[in-house]
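Grab the model and work through these short exercises. Each task comes with a step-by-step solution.

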Amino acid sequence: MFGVPQGSILGPLLFNIFLCDLFYTLEGIDIASYADDNSPYCSNINIESVSNDLEKVAKIIFQWCDENGMQANPEKSHAILSKSSNIEIAVTESIISSSDCEKLLGVFIDKDVNFDMHVTSLCNKASQKLHALARVAPYMPLFRGRIIMKSFFCSQFGYCPLVWMFHSRTLNNRINNLHERALRIVYRDNKSSFEELLVIDNSVTIHHRNLQVLATEIFKFKNKLSPPIMDDLFVTKTQDLYNLRNNNFLLRTGKNTVHYGTESISSVAPKLWEILPGNIKDITTLSNFKCQIKTWKPDQPICRLDRVYVAGVGFID
């Protein structure tokens with residue numbers, strides 16, 4: 001027998017050491033690894049090449065598992081192909097077919113990469129919490145109802161917001177409607193507008209909170225507190241990253257079309273950092289930055305969800 005007790009501190013470390021040599025057997029393809037979740041991925045304009053590469057790496061992974069005493073189940077493996085037709089990957093005696101949407105580390109990733117299904121799932125869960133809140137809120141003080149709202153409702157939208165924050169306007173309206181209902185339940189107020197309720201609650205919309213999270217990630221990147229993967233999201237200007245006389249250190253990347261890539265972290269981050277007040281950008285510690293950023297909300301549109309939309313007319317600046 002071999003192994004470690006479940007829930008131990010030493011277990012994850014030993015598992016990572018045990019799994020480490022798997023990555024040296026893979027060539028010409030990338031793999032995203034988090035604990036025991038390993039997801040190989042590749043890109044190519046030729047679908048057949050993508051299928052062949054994934055099939056090759058899948059066979060290597062399953063062979064490695066077999067040689068190292070681990071049981072791999074092909075039936076629990078899934079594939080997803082972005083914006084294209086389906087593919088089939090042959091592994092051992094099983095066939096892995098591609099699907100339109102898969103759940104990876106708690107996030108639904110669809111083939112169009114618009115995260116509509118994931119945000120819809122978040123809204124459905126939040127709506128269920130809202131029904132429970134409506135039943136108990138009348139029997140408790142306001143401050144306790146507010147704590148429950150933050151813990152069980154708002155927390156639904158706090159997981160991986162940078163991944164899905166640039167969703168559709170329709171879903172943003174649904175989130176705001178749920179948020180407004182939650183505030184009305186807690187404060188027993190059916191007359192104030194959504195904006196007035198946010199002032200009473202001393203809070204911001206879910207989207208503005210996501211922008212605050214993005215600002216925090218920019219601060220961490222600027223001060224070398226981020227993991228290396230963030231280097232692929234933020235493009236810096238040629239001047240010294242730590243030249244504090246010029247706090248607009250992020251480069252606005254060019255786009256080939258009017259809309260393509262504009263609703264992404266790489267595009268929005270420079271605009272977000274530019275409009276931040278200087279007293280917030282000049283903060284030197286992460287803890288102080290987190291405290292100050294909670295009091296800020298943008299005073300001008302940063303992305304599509306910030307712009308006013310009138311049906312039949314379009315966006316109004």
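**Exercise 1.** Work out which helix holds asparagine 176, and whether this residue is buried or exposed.

*Solution.* Start with the location: asparagine 176 sits in helix α6, where helices are DSSP runs of H or I with at least four residues, numbered from the N terminus. Next, check the accessibility: asparagine 176 counts as buried because its relative accessibility is 15%, and buried means under 20% relative accessible area with a 1.4 Å probe, protein chains only. Finally, list the contacts (heavy atoms within 4.5 Å): leaving out residues up to four places away in sequence, asparagine 176 touches Phe194 and Thr205.

A word on the ground rules: this is a predicted model, so local features need pLDDT of at least 70 and side-chain atom pairs count only at pLDDT 80 or more, while totals for chains, interfaces and linings use all residues. Residues are numbered from 1 along each chain as its sequence is written, and side-chain values use heavy atoms, with hydrogens and water left out.

**Exercise 2.** Put the whole chain in context: what share of its residues is buried?

*Solution.* First, the secondary structure: the chain has 11 helices and nine strands, a strand being a DSSP run of E with at least two residues. Then the burial: 37% of the 317 residues count as buried. Last, the contacts: of those between residues at least 6 apart in sequence, 54% join residues at least 24 apart.

Notes: Buried < 20%, exposed > 50% of the residue type's maximum accessible area, 1.4 Å probe, protein only.
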